[in-house]
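Okay, thanks for making time, everyone. Let me put the sequence and the model up on the screen, and then I'll talk you through it.

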Amino acid sequence: PNTLLYTLSLHDALPILESARIVKNGECVLVNFKFMGDAQARRSIDFMTGVVFTLDGDIQNVGGQIFLMTPANITVDAAKEMSILAGQNFESYDIY
């Protein structure tokens, strides 16, 4: 089955709730925390770790400050995905 991948570049913590809703609705979200302060990013990552744990999902650091959050019904082979995504520049992604 095809799954939508949302990409978010966070500047503050408000959109992290939208990330949680996306995963709760069975979709994947790729989040770039580059533009968020370290303490706020850590709290947001801790929050999302709790969300995906509760939903039996997964959270993976896929490079730098970029994290992939997936629901329970999706399995990601990070090494394979990173080889596919290597040519992509996710640093410049904005909120969709």
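Before the sheet, one definition: I say two strands pair if DSSP finds at least two bridges between them. Helices (H or I, at least four residues) and strands (E, at least two) are DSSP runs, numbered from the N terminus.

Now the small print. This is a predicted model, so to speak: local features need pLDDT of at least 70, side-chain atom pairs count only at pLDDT 80 or more, and totals for chains, interfaces and linings use all residues. Residues are numbered from 1 along each chain as its sequence is written, and side-chain values use heavy atoms, with hydrogens and water left out.

Right, the layout. The protein has three helices and four strands, and along the sequence they run β-α-β-α-β-β-α.

Let's look at strand β4, residues 66-70. It pairs with β2 (residues 28-32) in the antiparallel sense, over four bridges, and there asparagine 32 has isoleucine 66 as its bridge partner. β4 also pairs with β3 (residues 58-63), again antiparallel, over five bridges; in that case asparagine 61 is partnered with phenylalanine 67. The β3 and β4 hairpin has two residues between the strands, and glycine 64 takes a positive phi near 60° in it.

So how many of the residues of β4 are buried? Five of its five, where buried means under 20% relative accessible area, exposed over 50%, and partly exposed in between, with a 1.4 Å probe and protein chains only. In a regular strand, side chains alternate between the two faces of the sheet. Here both faces are covered: Ile66, Leu68 and Thr70 are buried on one side, Phe67 and Met69 on the other. For the protein as a whole, 36% of the 96 residues count as buried.

On to the helices. α1 (residues 16-24) and α2 (residues 38-54) pack at about 20°, axes 10 Å apart. The axes are lines fitted to C-alpha atoms over the stretch in contact, and angles run from 0 to 180 degrees between N-to-C directions. That makes the two helices roughly parallel; the cut-offs are under 35 degrees for roughly parallel, over 145 for roughly antiparallel, 65 to 115 for roughly perpendicular, and oblique for the rest.

Who makes the contact, meaning heavy atoms within 4.5 Å? From α1, Ile16, Leu17, Ser19, Ala20 and Val23; from α2, Ser44, Phe47, Met48, Val51 and Val52.

Last number: residues 24 or more positions apart account for 58% of the protein's contacts with a separation of 6 or more.

Definitions and conventions
Contact means heavy atoms within 4.5 Å.
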